[in-house]
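Me: I'm new to this one and would love a close look at a single spot. Could you take me through it slowly?
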Amino acid sequence: MKIKKCFLACPLGNQNSEERDHADWLLKRLKNTFKGKEIEIIRADKITLQGCINKQILEEIISADLLIADLTWPNPNVFLELGFRYAIGKPLIQIIKSDHKIPFDISTKRTIHYTTYKPEILEKDIFSFLESLEKHGFNSDYESLTHFYRVETDIPGNTINQSSIEDNSILEQ
């Protein structure tokens, strides 16, 4: 699997806030990690298209080859984006600063712990995941949640099914 686009789900906060400074730090780390790999990094605040930002974010989450979710601050938007990614069963990486606690419901998923004073460790761990993903593919522990909940296509107005998730045609609906 060749990674071409990565969506970064992280708390953004307001301009000049601790959260925004951290989000910018994290974006720089990913750019450094992906240097030479031609991977586009998408972050919600960097989407500049006109229209509904919520729809655009979901489209980016669906079409991205990889989602990286920073769980450092408990942020509803990040958890929504992560949950959506779990639901479609596509590759994701959870990361969190070492001095923060992972919420119980997602604590069983492998998570990269990092510190800001040794960014090279975070970069190495993400790079190792990328190499493994490109070499072996992605094996979701959950596959797609549609396997569990059986998305019913006979419900009026429901056009989502497993194949539309897998081939990104869900975006055309």
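Leaving aside its neighbours within four places in sequence, which residues is Ile68 in contact with?

Reply: Before we dive in, this is a predicted model, with local features needing pLDDT of at least 70 and side-chain atom pairs pLDDT 80 or more, while totals for chains, interfaces and linings use all residues. Residues are numbered from 1 along each chain as its sequence is written, and side-chain values use heavy atoms, with hydrogens and water left out.

Now to Ile68. Skipping neighbours within four places in sequence, Ile68 is in contact (heavy atoms within 4.5 Å) with Cys6, Phe7, Leu8 and Ala9, then with Leu30 and Phe34, and also with Ile93, Ile95 and Ile126.

Ile68 also has a place in the largest nonpolar core, which has 41 residues. Such a core is a set of buried Ala, Val, Leu, Ile, Met, Phe, Trp, Tyr and Cys residues joined through side-chain atoms within 4.5 Å. Within this core, Ile68 touches the most other members, together with Phe7 and Phe34. Helix H1, residues 18-33, gives the core its largest share, 5 residues; a helix here is a DSSP run of H or I, at least four residues.

Follow Phe7 and you get to Glu81, which sits in helix H3. Again leaving aside neighbours within four places, Glu81 is in contact with Phe7, Ala9, Ile57, Ile61 and Leu67. Glu81 and Phe7 are 74 residues apart along the chain, yet their C-alpha atoms are separated by 9.8 Å. Glu81 counts as buried because its relative accessibility is 11%, and buried means under 20% relative accessible area with a 1.4 Å probe, protein chains only.

Note on methods:
Buried means under 20% relative accessible area, exposed over 50%, partly exposed in between (1.4 Å probe, protein chains only). Helices (H or I, at least four residues) and strands (E, at least two) are DSSP runs, numbered from the N terminus.
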